[in-house]
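Please find below a note on the structure under review. The points concern the metal site, the salt bridges and the pockets.

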Amino acid sequence: MSISLRPLLHIGTRIGQSLLAQDCLLCQAASGGQLLCEACARELPSATPACPRCALAGARDVECGACIADPPHYDASCAAFVYAYPVDALVQALKYGGQLALAGLFARELHRRIGGARRVDLIVPLPLHPLRLAERGFNQAAEIAKVLARLCGIAMDAQLVRRVRNTAPQTALPWRERATNMRQAFACADDLAGLNIAVVDDVMTTGATLDEFARTLKESGAARVENWVVARTARGA
Ligand SMILES: [Zn+2]
Ligand SMILES: [Zn+2]
């Protein structure tokens, strides 16, 4: 090869790499175009046995004491991961770093975790308040729900429920104040009579937001509400 051609080929290779290949988001090792290399993907903290109602990790897949004592409005919850490193970093990278491709990765993992035997009529992402949406430019839950709906072959509706109160971030509040903070946060004008609805969100912490959301859906007639979340925090996290 002549010396003069080398710079051109080099540029061509670089363009090709930026389009096709990318390094692992976590360890920067070559990942053959995947977001994560095989080793990092294998080590993600998969969800362990958990309460089928609130997805809180436990020793077995049985309903936890809190759900028995004070049943939430939702009927079931399923989490793909435990909210621990590096899933927490990946969730932040989607939400605040705009790494939208992560929505696809989360949706595929959730789809695998959910399995096929679900009777769900409609997928609804947890809505952001319009001001928050304008600030961020996208709703991470809707991005995940979009891919998940396609994988499951179930319709998705991101406009069904509106977030009518711009509540303080739940993370800024003590646990006991989180349920009060969410009260009347959502509004739904549609008739959902008899529908089985799956609500998609990125992280489930106390479940207060999802509980209020399920309450709103059931008030509009929903027969059953289950939560499909990327990650569930441990108790006290
Ligand atoms: Zn890696
Ligand atoms: Zn529970």
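The numbered points that follow take up the metal site, then the salt bridges, then the two pockets.

1. The model under discussion is predicted. The remarks below should be read with that in mind.

2. The zinc ion (ligand 1) is held by four protein donors, the SG atoms of Cys 24, Cys 27, Cys 37 and Cys 40, at 2.3 to 2.4 Å. Along the sequence, these donor residues follow the spacing C-x2-C-x9-C-x2-C. The arrangement is tetrahedral because the angles subtended by the four donor atoms run from 105 to 118°.

3. Two of the zinc donors may be set side by side for their accessibility. Cys 24 has a relative accessible area of 1% and is therefore buried, whereas Cys 27, at 39%, is partly exposed.

4. The structure contains eight salt bridges. One of them joins the side chains of Lys 218 and Asp 75, with an N to O distance of 2.8 Å. Lys 218 belongs to helix 9, while Asp 75 sits in the loop between helix 3 and strand 1 (76-82), so this pair ties together parts of the chain that are 143 residues apart in sequence. Lys 218 is partly exposed, with a relative accessibility of 27%, and Asp 75 is partly exposed at 26%.

5. A further salt bridge connects Lys 95 with Asp 202, whose closest N and O atoms are 3.4 Å apart. This pair also links distant parts of the chain, since Lys 95 is in helix 4 and Asp 202 in strand 6, 107 residues apart. Are the two partners buried or exposed? Lys 95 has a relative accessible area of 19%, under the 20% limit, and so counts as buried. Asp 202 is buried as well, at 3% relative accessibility.

6. Within helix 9, Arg 215 forms a salt bridge with Glu 219, the closest N and O atoms lying 2.8 Å apart. These two residues are four positions apart, about one turn of the helix. Glu 219 is exposed, with a relative accessible area of 59%. Shared partners join Glu 212, Arg 215 and Glu 219 into one network of salt bridges.

7. The largest pocket encloses about 760 Å³ of space. Its lining comprises 36 residues, and those nearest the centre are Lys 95, Gln 170, Thr 171, Asp 202 and Val 203. Two or more lining residues come from each of helix 4 (87-95), helix 6 (130-136), helix 7 (140-152), helix 8 (175-182), strand 6 (196-204) and helix 9 (208-219). Strand 6 makes the greatest contribution to this lining, with four residues. By character, the lining divides into 15 nonpolar, 13 polar and eight charged residues. Lys 95 and Asp 202, listed here by the pocket centre, are the partners of the salt bridge described in point 5.

8. The second largest pocket holds about 590 Å³ of space. It is lined by 23 residues, with Asp 70, Tyr 74, Thr 206, Gly 207 and Asp 211 nearest its centre. Helix 3 (65-69), helix 8 and helix 9 each provide at least two of the lining residues. Which element gives the most to this lining? Helix 9 does, with four residues. The lining of this second largest pocket consists of eleven nonpolar, four polar and eight charged residues.

Terms used: Residues numbered from 1 in each chain as written. Chains lettered and ligands numbered in written order. Predicted model: local features only at pLDDT ≥ 70, side-chain atom pairs only at ≥ 80, totals over all residues. Heavy atoms only, no water. 1 Å grid on protein atoms, 1.4 Å probe; cavity = no way out; pocket = protein on both sides within 12 Å on 5 of 7 lines; lining within 4 Å. Points joined across faces, edges and corners; volume = space filled by probe spheres on them. Nonpolar A, V, L, I, M, F, W, Y, C, P; charged D, E, K, R; others polar. Donors = N, O, S within 2.8 Å, 3.2 Å for Na, K, Ca; no water. Tetrahedral: all angles 85-135°; square planar, octahedral: opposite > 155°, others 65-115°. Buried < 20%, exposed > 50% of the residue type's maximum accessible area, 1.4 Å probe, protein only. Salt bridge = Lys/Arg side-chain N within 4 Å of Asp/Glu carboxyl O.
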